Amino acid sequence: MSVTALKKKTSIRWKIGKYLFVFAAGLIGLLFLFQVVLLEPMYQRSKVQSVRNIGNDIARAIDSEKLDDVLFLTMMQNDACVMIRYDSAPVTIQNQSCTAFSDLGNEAINEMIGFARLSRNKSYMMINENSYDALDGSEPLKTIYYTRIVQGNAGNAVILVSSNISPLSATTRTLTVQLMYISGIILISVCFLTFMIYRGIASPLSRINEAAKSLPKGTYQIDPKSNRYREAEELNTTLSEAAADIQKADKAKRDLLSNVSHDLRTPLTMITGYGEMMRDLPGEKTDENLQVIIDESKRLNNLVNDLLDLSRMQENKITLNEAPFDITEMIETEMRKYDVYHYQDNFDIDVHLGDHVTVNGDRKRIEQVFNNFVINAINYSGNSRHIIIREIVSDKNVKIEVQDFGEGIPEDKLNDIWDRYYKVDKKHVRTTQGSGIGLAIAREILDLHHLQYGVQSKVGEGSKFWFIMPVLKS
């Protein structure tokens, strides 16, 4: 046995917990990434875009009557400073409460305007860090300066927009503390969720697993607590059916051994008895006694051959030799061997054949099916000893029927009769013919030919076995 096979598999309870904890760790890590690590760069990018949008809004309204309203709204809503200069006149428009541009100085402003003139889109963005604000150890204050030059009715207009980037160190520390609490809550929730999932999903499966350990014995007891959801209920139903099938298969195996032993014992006893009699009594060495030994030996051989045939068919080791043949002629030929039943056992076998028809198939195997149906009818014809064989021909198909008038088969047993060595009454009605597995062999042959077949039966009135083959057009 390999090392992998010996390795103990992880319980579903721990797998559920592991997956949930991995999910929780990923979620916490994602929150930390966005709320702490990426907070400042995302905030700065948002502020830069906001300042650029203010400049663009003012540029669109530069010659509009709504310029004053736009200036007021943008400055109030975005906490920004705005200054507009015109080349044609030394006039500036600026919100008086803002000192950002005066603190920056004319030299720096002229430098920004120069960079804007040189750029392709006539704009320039700068982020200035005021280091003196950090003398007390706090985070330095950053200021965004945006310059844009547009053509207006009064000439070139220079739009300058400024806005501060607030320090986020205190916010980051607050969010970090919050994340610690959130992480604790998530971990506690994961533990609770793991318990609930295990109780609702894994626990029923564990109960089903424990109950399934008795399946080899053919027993399975459903625990009502395991039917908490549809899949578990369906699994319980499947395992219950499997247990019933195991019981049925085990009983069929015992019946098979019992019936095969019976069929083997009878001819062996006959062969041994007649052999000893001929050995001990010289006068008993007659042709009749030798024929009994030969007949019983053939019966043994037929039984062994039937068992081997069934085994090979169920293992798909049988190859059909299909060819066209006259099925009507086949029935006529095969029925001659049953004349002995008319003379010795008073059987009345009526044969109703139609016009000669040709079918395609393995003649030897179809003969085997037909003979098994006839032998089955002989063995179970009861006291009526009346059998009818019909060939019903249509344009496309020929139907072969073998009908007896014995005890019949209960409706709930009709599907079981095709099982190997199944007996409706669990005993041999007649033991002179047949191996006891004829119907199982017939089923395998008919399935290999992909033919329709079946049985109609009524208790007290007998049974009718049939199969249908396509007719070959001449």
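Which residues in H13 are buried? In this predicted model, they are Gly438, Leu439, Ala440, Ile441, Ala442, Arg443, Glu444, Ile445 and Leu446. Helix H13 spans residues 438–448, and nine of its eleven residues are buried, so the helix is largely enclosed by the rest of the structure. Just look past the end of H13 and you will meet His450, which has a positive phi, near 60 degrees.

Let us turn now to the sheet. Five strands make up an open sheet with mixed pairing, and their order is S7-S9-S10-S12-S11. Strand S7 (348–352) and strand S11 (452–458) are the edge strands, each pairing on one side only. On average, neighbouring strands here are turned by 10 degrees against each other, if direction is ignored.

It is worth pausing at S12, residues 462–470. Strand S10 (residues 397–404) runs antiparallel to S12, and seven bridges join the two. Here you can find Glu401 opposite Trp466 of S12. S11 is antiparallel to S12 as well, again with seven bridges between them, and in this pairing Gln456 stands opposite Lys464 of S12. S11 and S12 form a hairpin, with three residues separating the strands. In that turn, Gly460 has a positive phi of about 90 degrees.

Next come the helices that meet this sheet. H10 packs on the sheet and touches S7, strand S9 (386–393), S10 and S12. The direction of H10 makes about 165 degrees with that of S9. H12, for its part, lies across S9, S10 and S12, and runs at about 170 degrees to S12.

How do these helices sit against each other? Two packed helices are described by the angle between their axes and the distance between those axes. For helix H10 (residues 327–335) and helix H12 (residues 363–379), the angle is about 55 degrees and the axes are 11 Å apart. H10 and H12 are therefore oblique to each other, and their crossing is right-handed.

To see the contact itself, follow the side of H10 that carries Glu329, Met330, Ile331, Thr333, Glu334 and Met335. These residues meet Arg363, Ile366, Glu367, Phe370 and Asn371 in H12. Sorted by class, the contact of H10 with H12 has five nonpolar, two polar and four charged residues.

Definitions and conventions:
Residues numbered from 1 in each chain as written. Predicted model: local features only at pLDDT ≥ 70, side-chain atom pairs only at ≥ 80, totals over all residues. Heavy atoms only, no water. Axes fitted to C-alpha atoms, helices over the stretch in contact; angles between N-to-C directions. Helix = DSSP H or I, 4+ residues; strand = E, 2+ residues; numbered from the N terminus. Parallel < 35°, antiparallel > 145°, perpendicular 65-115°, else oblique. Left-handed = near helix turned anticlockwise from the far one by under 90°. Contact = heavy atoms within 4.5 Å. Nonpolar A, V, L, I, M, F, W, Y, C, P; charged D, E, K, R; others polar. Buried < 20%, exposed > 50% of the residue type's maximum accessible area, 1.4 Å probe, protein only. Pairing = 2+ DSSP bridges.
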